[in-house]
Amino acid sequence: APNDPWVIRLVDALRVEEPTEEALCRGRKRRFGAPGDGGYVVWDAVPAAGRLCDVLLSYGVGTNVDFEFEMASAGAQVHLFDHTVQTLPRSHPNFTFRREALAAKSVPGVAGTLEDHLLS
């Protein structure tokens, strides 16, 4: 329901162009990646943290790695996984690509679990 307090709070929290004064004291929301599909809004507290994140796991990258490229350029080590593509559309020194799916059970060379990917 549009007037549900939870819905109103969620919509307010997701607004990129209208951060609250409280949020501005701790950082800001920034959009990374391609316009339209392939972009994401992330919390950017870089002045306090020094970088957006240390490690990013990205699944199902397909033919667009603009978001991942920007995160890698900001210093993150980016681990990309997609069993449907042979190679990535572009490279970056901070990229590591595995042609592998995410699954509940490991199948060497085909699929790995989240635990496998976190430990690799």
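**Salt bridges and the surroundings of His 117**

A salt bridge joins the side chains of Glu 100 and Arg 98, with an N to O distance of 2.8 Å. The two partners differ in their accessibility: Glu 100 is buried, at a relative accessible area of 8%, whereas Arg 98 is partly exposed, at 28%. These values, like those that follow, were computed from a predicted model.

In total, the structure contains two salt bridges. Besides the pair formed by Glu 100 and Arg 98, a salt bridge links the side chains of Arg 90 and Asp 66, at 3.1 Å from N to O. Arg 90 belongs to the loop between strand S4 (77–81) and strand S5 (95–98), and Asp 66 to helix H4 (residues 66–73), so this pair ties together parts that lie 24 residues apart in sequence. Both partners are partly exposed, with relative accessible areas of 35% for Arg 90 and 24% for Asp 66.

Glu 100 and Arg 98 also appear among the contacts of His 117, a residue of helix H5 (residues 114–119). His 117 counts as buried, at a relative accessibility of 1%. Its side chain makes a polar contact of 2.8 Å with the side chain of Tyr 59. When neighbours within four places in sequence are set aside, the residues in contact with His 117 are Leu 57, Tyr 59, Phe 81, Arg 98, Glu 100, Ala 101, Leu 102 and Gly 112. Tyr 59 is thus both a contact of His 117 and its partner in the side-chain polar contact.

At the level of the whole protein, the secondary structure comprises five helices and seven strands. Along the sequence, these elements follow the order α-α-β-β-α-β-α-β-β-β-β-α. Of the 120 residues, 31% are buried. Among contacts with a separation of 6 or more, 21% are between residues 24 or more positions apart. The exposed area amounts to about 8,000 Å², of which carbon and sulfur atoms supply 56%.

The mean pLDDT of the protein is 83, and 83% of the residues score at least 70. Among the elements, the highest mean pLDDT, 95, is found for S5, and the lowest, 56, for helix H3 (residues 46–49). Strand S5, which spans residues 95–98, is one of the two strands that flank the loop holding Arg 90.

Terms used. Residues numbered from 1 in each chain as written. Predicted model: local features only at pLDDT ≥ 70, side-chain atom pairs only at ≥ 80, totals over all residues. Heavy atoms only, no water. Salt bridge = Lys/Arg side-chain N within 4 Å of Asp/Glu carboxyl O. Helix = DSSP H or I, 4+ residues; strand = E, 2+ residues; numbered from the N terminus. Buried < 20%, exposed > 50% of the residue type's maximum accessible area, 1.4 Å probe, protein only. Polar contact = N/O pair within 3.5 Å; in protein donor to acceptor, adjacent residues only side chain to side chain. Contact = heavy atoms within 4.5 Å. pLDDT = per-residue confidence, 0-100. Areas by Shrake-Rupley, 256 points an atom, 1.4 Å probe, with all protein chains shown as cover.
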